[in-house]
Amino acid sequence: MLDAAIKKQIQSISSVPSHYEKQILAVRGFMDLFNFSRVSLYFYSTLSKIGEGILCIDQQVVSSLQEWREDVRNMPPIYSAIKERKPKHIDSQSILQLPIKFTNGVTTELIVVPISYSSHVVGYACMGSTDSFTVDDSLLHSLGMYGQHLGQIFGEDDYPGSTKSISKREIDVLQRMSWGESTKIMAVSLGISEFTVQDYVQSAIRKLEVFNRVQGVAEALRRGIIQ
């Protein structure tokens with residue numbers, strides 16, 4: 001029955017056009033399918049080993065994690081899950097190896113689920129609950145299956161088969177990302193909403209045929225699109 005529910009959720013995610021809506025539905029899938037009350041979603045760069053926050057839903061409240069960036073090698077339990085490309089249970093002892101800013105002071109257990117496309121990990125999700133939950137092989141297997149489906153969706157979105165010309169606005173956003181500007185700062189500087197900035201970012205990433213923001217900036221610099 002869970003397999004059928006996962007398939008239905010994946011179909012729902014695939015049917016929406018907005019990349020941001022897909023991210024929201026992906027996170028809600030972890031909550032609705034597996035009964036977690038708090039789920040965070042992150043980009044991951046296989047080149048730099050940097051994790052970048054996307055969003056978090058905690059008790060149905062959605063918040064941005066755009067300001068969050070960290071070398072995942074500094075978080076051994078999460079880096080282990082990424083290297084092995086399979087979900088990992090982070091118990092109350094292992095969670096102490098994570099930065100406090102990542103756990104927000106939470107000292108209970110978490111689960112991390114890599115999101116893979118082809119042979120690359122393009123992101124990961126971390127989740128927990130205010131209630132105790134049982135972690136067994138069946139749960140980890142189902143979470144892994146869901147993560148693989150999400151990787152296929154986001155990987156195909158971010159790594160299409162053909163490229164198109166980069167617009168001036170997309171170049172502006174890429175340049176500002178290279179300066180280290182946050183989504184919020186870019187929105188204020190350009191006079192547009194944060195959601196519109198995210199759309200430009202994802203559009204540029206697709207056109208450059210890379211997986212995430214870090215790789216997008218690197219590829220734009222390599223091609224001389226930005227300086």
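This report walks through the open and enclosed spaces of a predicted model and then through the packing of three of its helices.

## The largest pocket

Let's start with the open space. The largest pocket holds about 320 Å³, and 16 residues line it. Nearest its centre you'll find Glu 52, Arg 69, Met 177, Gly 180 and Glu 181.

Where does the lining of the largest pocket come from? Three elements each chip in at least two residues: β2 (50-58), α6 (168-178) and α9 (213-223). Of these, α9 gives the largest share, with 3 residues. Chemically, the lining is a mix: 5 nonpolar, 6 polar and 5 charged residues.

## The enclosed cavities

Now for the closed spaces. There are 2 cavities of 30 Å³ or more in the structure. The largest cavity comes to about 90 Å³ and has 13 lining residues, with Tyr 42, Phe 43, Ile 54, Val 122 and Phe 154 sitting nearest its centre. Two or more lining residues apiece come from α2 (19-34), β1 (38-44), β7 (120-128) and α5 (137-158). By class, the lining of the largest cavity splits into 9 nonpolar, 3 polar and 1 charged.

The second largest cavity has about 60 Å³ of space. Its lining is made up of His 19, Tyr 20, Gln 23, Phe 43, Ile 54, Gln 66, Gln 198, Asp 199, Gln 202 and Arg 213. Here α2 and α8 (194-208) are the elements to look at, each supplying at least two residues. The class count for this lining is 3 nonpolar, 5 polar and 2 charged. Phe 43 and Ile 54 are worth picking out: they turn up in the lining of the second largest cavity and also among the residues nearest the centre of the largest cavity.

## How α6 packs

On to the helices, with α6 as the way in. Its axis and that of α7 (183-190) come within 10 Å and cross at roughly 135°, which makes α6 oblique to α7. The crossing is right-handed. On the α6 side, the contact uses Arg 169, Asp 172, Val 173, Arg 176 and Met 177, and these meet Met 186, Ser 189 and Leu 190 of α7. Sorted by class, that gives 4 nonpolar, 1 polar and 3 charged residues.

With α8, the axis of α6 comes within 9 Å at a crossing angle of roughly 95°, so α6 runs roughly perpendicular to α8. From α6 the contact takes Arg 169, Glu 170, Val 173, Leu 174 and Met 177; from α8 it takes Tyr 200, Val 201, Ser 203, Ala 204, Lys 207 and Leu 208. The tally is 7 nonpolar, 1 polar and 3 charged. Met 177 deserves a second look: it touches α7, touches α8 and lies among the residues nearest the centre of the largest pocket.

## Closing the trio: α7 against α8

What angle do α7 and α8 pack at? About 105°, with the axes 8 Å apart, and that makes α7 roughly perpendicular to α8. Thr 183, Lys 184, Met 186 and Ala 187 of α7 meet Glu 194, Val 197 and Gln 198 of α8. The classes here are 3 nonpolar, 2 polar and 2 charged.

Two residues link this contact to what came before. Met 186 also meets α6, while Gln 198 is part of the lining of the second largest cavity.

Terms used:
Residues are numbered from 1 along each chain as its sequence is written. This is a predicted model: local features need pLDDT of at least 70, side-chain atom pairs count only at pLDDT 80 or more; totals for chains, interfaces and linings use all residues. Side-chain values use heavy atoms; hydrogens and water are left out. On a 1 Å grid over the protein atoms alone, a cavity is a set of points where a 1.4 Å probe fits but cannot get out, and a pocket is an open set with protein on both sides within 12 Å along at least five of seven lines; lining residues have an atom within 4 Å of a point. Grid points are joined across faces, edges and corners, and a volume is the space filled by probe spheres set on the points. Helices (H or I, at least four residues) and strands (E, at least two) are DSSP runs, numbered from the N terminus. Ala, Val, Leu, Ile, Met, Phe, Trp, Tyr, Cys and Pro count as nonpolar, Asp, Glu, Lys and Arg as charged, and the others, Gly among them, as polar. Axes are lines fitted to C-alpha atoms, for helices over the stretch in contact, and angles run from 0 to 180 degrees between N-to-C directions. Angles under 35 degrees count as roughly parallel, over 145 as roughly antiparallel, 65 to 115 as roughly perpendicular and the rest as oblique. A crossing is left-handed if the near helix is turned anticlockwise from the far one by less than a right angle, and right-handed if clockwise. Contact means heavy atoms within 4.5 Å.
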